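Visitor: I am new to this structure and would love a short tour. Could you show it to me?

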Amino acid sequence: MLNETQRQLLQTLWEAGPLSRWELHERTGLTPNRVGTVVESLVAARLLRECTPEAIGAGRPRVPLEIDPSGRHLIGLALEPTGFTLCRLNLLGELVERIATPEVPDATRLIKSAATALGKAINPQTLGIGVTSTGFMDSQSRTLLLSSATPGQKDVSLRPLYAAAADVPLVLGNDMHALAARWSLSHRTRATEDTLIVWFDDGRIGAAVLVDGRPNRGCFTGGNELGHMRFFADTERCFCGQTGCLERVFSNSFLKRHARSKLPALEMGLMKRLERLHAADEVIHLVMNHLCTGLSNAVNFLRAQRLILISPLAESSRLRQAVLDGTKALLMPPLDRAVSIEFWDQPAVTAAQNAAWLANAELLWTGWDAAPSDLAEPAPAGLKRRAKVTR
Ligand SMILES: [Zn+2]
């Protein structure tokens, strides 16, 4: 575990590195001696390294420091509906290794299998572990409360993962929070605006809300369930138990269910029909209208300053423009002028890589994704639930 000063220097180098010891002193206000001592400890722990010295004038050459991409690593473990994925990233967030994982057809064995693989992946260079899942979780009781990774099971214990991690710090979070961590860290400086991040694909819509740069607290750790915002739409039953969920509308299964059109485009899937947005394709316009309504309702409700959209479908410029225009048209004035809406183009990465970014966020911004129960002093059992309800 890092102490606060070590973390402060690491953060400064993440945001503005490489920097010399003197520049670190100027930026942090720590004395040059203190910077020297702490840098020495971070270099010894292989978190930082010295770059090639740069000669400046007649004085001593400047020795820039940077985060060491080759010394230590972070492990990401993502629990998913089809099993789990595991990988190793360096401290710059670059993929070092995809760790092969077995298929787990029996979801009741998921956590045990994942814990065994995690235990084998940890070595003395492991600095932190990020574990993510869809759905809701309680990091204090170390329980997965409800998740598509463990269908039909409730309150699944995650203790085997913590036992496998032993003394390596493990941060547990929702998969959307992990994506939000990657978005935030990739921008080098910590965003302070309220931001709604939405990821969408065929039949899947996830969201995270950053308030003052960190995920909103809520009553327990989870994504912001925009995909389960419900409409009066005729859909198949969602895994959440309801019908009319936005992510059930934004899906190929919805197109098939409403295959009334005589268009030749009917043979095409969601992506192709979204790309074309044929004027006579009423069903695809209905799907788009629901997506834009869901997005604009969320922004109207939150008054978020930024809406960041991420989608593997967004390669189509026509689709992007339709989402931007359709959402903006439904925003309340003056929100339509004040809110910045943009697509984030980013390389496709696995859920395990995002999970490792969550560990990176924990390393640099400790407690970034902590639930209130993780931060609060232990309260008498009778008061705990009441405190949550009255938040
Ligand atoms: Zn649902």
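Visitor: How many residue pairs are in polar contact across the interface of domain 2 and domain 3?

Guide: Welcome! This is a predicted model, in which local features need pLDDT of at least 70 and side-chain atom pairs count only at pLDDT 80 or more, while totals for chains, interfaces and linings use all residues. Residues are numbered from 1 along each chain as its sequence is written, and side-chain values use heavy atoms, with hydrogens and water left out. A polar contact is a pair of N or O atoms within 3.5 Å; within protein, one must be able to donate a hydrogen and the other to accept it, and residues adjacent in sequence count only if both atoms are side-chain atoms. With both residues at pLDDT 80 or more, the number of pairs across this interface is six.

Visitor: Which element gives the most residues to the side of domain 2 that touches domain 3?

Guide: Helices (H or I, at least four residues) and strands (E, at least two) are DSSP runs, numbered from the N terminus. Those giving two or more residues to this side are strands S7 (136-138) and S10 (170-174) and helices H6 (175-186) and H14 (372-375). With four residues, the one that gives the most is H6.

Visitor: Where do domain 2 and domain 3 lie along the chain, and how far apart are their C-alpha centres?

Guide: The bounds come from an automatic or database domain assignment. It places domain 2 at 73-180 + 356-375 and domain 3 at 189-343. Their C-alpha centres are separated by 27 Å.

Visitor: How many salt bridges are counted between domain 2 and domain 3?

Guide: A salt bridge is a side-chain nitrogen of Lys or Arg within 4 Å of a carboxyl oxygen of Asp or Glu. Between these two domains the count is zero.

Visitor: Which residue stands opposite arginine 88?

Guide: Strand S4 (residues 83-90) pairs with strand S5 (residues 95-99) in the antiparallel sense over four bridges; pairing requires DSSP to find at least two bridges between the strands. Their hairpin has four residues between the strands, and glycine 93 there takes a positive phi near 90°. Opposite arginine 88, in S5, stands glutamate 97.

Visitor: Which residue does a cis peptide bond join to proline 333?

Guide: One cis peptide bond runs from glycine 17 to proline 18, with omega near 0°, and proline 18 sits in the loop between helix H1 (4-16) and helix H2 (21-28). For proline 333, omega of the cis bond is about 5°. Its partner, in the loop between helix H11 (317-329) and helix H12 (335-338), is proline 334.
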